[in-house]
Amino acid sequence: MAETIHRPGLDAQGFIEREGSLARVPHVFRPVVAAARDRLLDGFGARLHSAYLYGSVPRGTARVGRSDLDLLVALREEPADADREAVRVLGESLDKEFSQIDGVGTLLYGRDRLLSDLERYDLAWFVACLCTPLLGDDLAEYLPRYRPDSLLARETNGDLALRLPRWRERIAGAGDSEDALRPLVRFMSRHLVRTGFTLVMPRWNGWTSDLREMAEAFGTYYPQRAAQLRGAAEYGREPVGDPDVLRSYVDDLGPWLAEEYARVHGAKAPRPDGP
């Protein structure tokens, strides 16, 4: 009888386990989290349905001065431009005040969108499996459990082909300075590694948010591209402001990955506001 391989990130029934918890937040980052919680309450009050942490801080793997603080905010109604400006200002103030973090990223959505059928295998999965409750009524209570299958792969990262033209525009508009290019390298590196991982996720049959582990899982099935994804995983952790890296992403690795993803899993269902 073939040995059953127990992959990380799954429970005994094969569902993706929710990662992260407030208990795992490193002590040095707790003042940042407390300030974010208080300012979200002050800024949105009764309009705030819930708020979440995600990323390295609630996983307990954040690095002082290197990691960003990632937040997801759910409002009781669809956010307006003023709300988006409010979270931008909040992020800038936290980043300026706390040297422990290197930037703040905040996703902002209305509750109804997060619970919609269209987002069931994308944003809803993200909340249910990758987000740690910080404030309010946890939306995961209204969501199903998820397996690492092809439907999840398609709906989470099956839109890379649509993103690449926008990436090229961002690169062209960023200028040549290392300070301007470094954030793009970090963002695009992480996105490509996660896309590469979810391409093979159903075959690998597990879940991880560790960039290096994602790249290794990918390399098991695509050895001819393994070195590229391992390199992207390192740039996702230690980015460089190198235009050649960005060009390789939008001219080679990205287009290949988008084509292979569509062949294996199909294209993500269209969103009204695009990818």
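**View 1. Residue classes in the lining of the second largest pocket of this predicted model.** By class, the residues lining the second largest pocket divide into eight charged, two nonpolar and one polar. The charged members are Arg63, Arg66, Asp102, Asp179, Arg182, Arg186, Arg237 and Glu238, while Pro183 and Pro239 count as nonpolar and Gly65 as polar. The pocket that these residues line has a volume of about 200 Å³. Helix H8, which runs over residues 178–204, contributes four residues and thereby gives the most to this lining. At least three lining residues come from domain 1 (22–142), and at least three come from domain 2 (150–265).

**View 2. The segment annotated in UniProt, residues 50–80.** An unreviewed UniProt entry carries the annotation "domain: Polymerase nucleotidyl transferase" for residues 50–80. Over these residues the chain is 39% strand and 13% helix, and the C-alpha atoms at the two ends of the segment are 17 Å apart.

**View 3. The largest nonpolar core and its place between the two domains.** The largest nonpolar core has 58 residues, and among these Leu72 and Trp125 touch the most other members. Helix H8 gives the most to this core, with eleven residues. Because domain 1 (22–142) and domain 2 (150–265) both give residues to the core, it lies between them.

**View 4. Two buried positions in helix H8, serine 189 and threonine 198.** Serine 189 has its place in helix H8, and its relative accessibility is 0%, so it counts as buried, the cut-off for that term being under 20%. Threonine 198 is also found in helix H8, and it is buried as well, with a relative accessible area of 2%. For each of the two residues a partner lying 48 residues away along the chain can be marked: for serine 189 the partner is glutamate 141, with the two C-alpha atoms separated by 32 Å, and for threonine 198 it is serine 150, at 8.6 Å from C-alpha to C-alpha.

**View 5. Asparagine 205 and its positive phi.** Asparagine 205 has its place in the loop between H8 and helix H9, the latter covering residues 211–221. Most residues other than glycine have a negative phi. The phi of asparagine 205, by contrast, is near 60°, a positive value in a residue that is not glycine. With a relative accessibility of 38%, asparagine 205 counts as partly exposed.

**View 6. Valine 240 in the loop between helices H10 and H11.** Valine 240 is found in the loop that joins helix H10 (226–237) to helix H11 (243–265). Its relative accessibility is 28%, and valine 240 therefore counts as partly exposed, a term that applies between 20% and 50%. Valine 240 and phenylalanine 197 are 43 residues apart in sequence, and their C-alpha atoms are 22 Å apart in space.

**View 7. Arginine 7 in the segment before helix H1.** Arginine 7 is found in the segment that comes before helix H1, which covers residues 30–44. With a relative accessible area of 22%, arginine 7 is partly exposed. Arginine 154 can be shown together with it, since the two residues are 147 residues apart in sequence and 20 Å apart in space, C-alpha to C-alpha.

Methods. Residues are numbered from 1 along each chain as its sequence is written. This is a predicted model: local features need pLDDT of at least 70, side-chain atom pairs count only at pLDDT 80 or more; totals for chains, interfaces and linings use all residues. Side-chain values use heavy atoms; hydrogens and water are left out. On a 1 Å grid over the protein atoms alone, a cavity is a set of points where a 1.4 Å probe fits but cannot get out, and a pocket is an open set with protein on both sides within 12 Å along at least five of seven lines; lining residues have an atom within 4 Å of a point. Grid points are joined across faces, edges and corners, and a volume is the space filled by probe spheres set on the points. Domain bounds come from an automatic or database domain assignment. UniProt positions are given in the numbering used here, feature names are shortened, and annotations may be inferred rather than shown by experiment. A nonpolar core is a set of buried Ala, Val, Leu, Ile, Met, Phe, Trp, Tyr and Cys residues joined through side-chain atoms within 4.5 Å. Buried means under 20% relative accessible area, exposed over 50%, partly exposed in between (1.4 Å probe, protein chains only).
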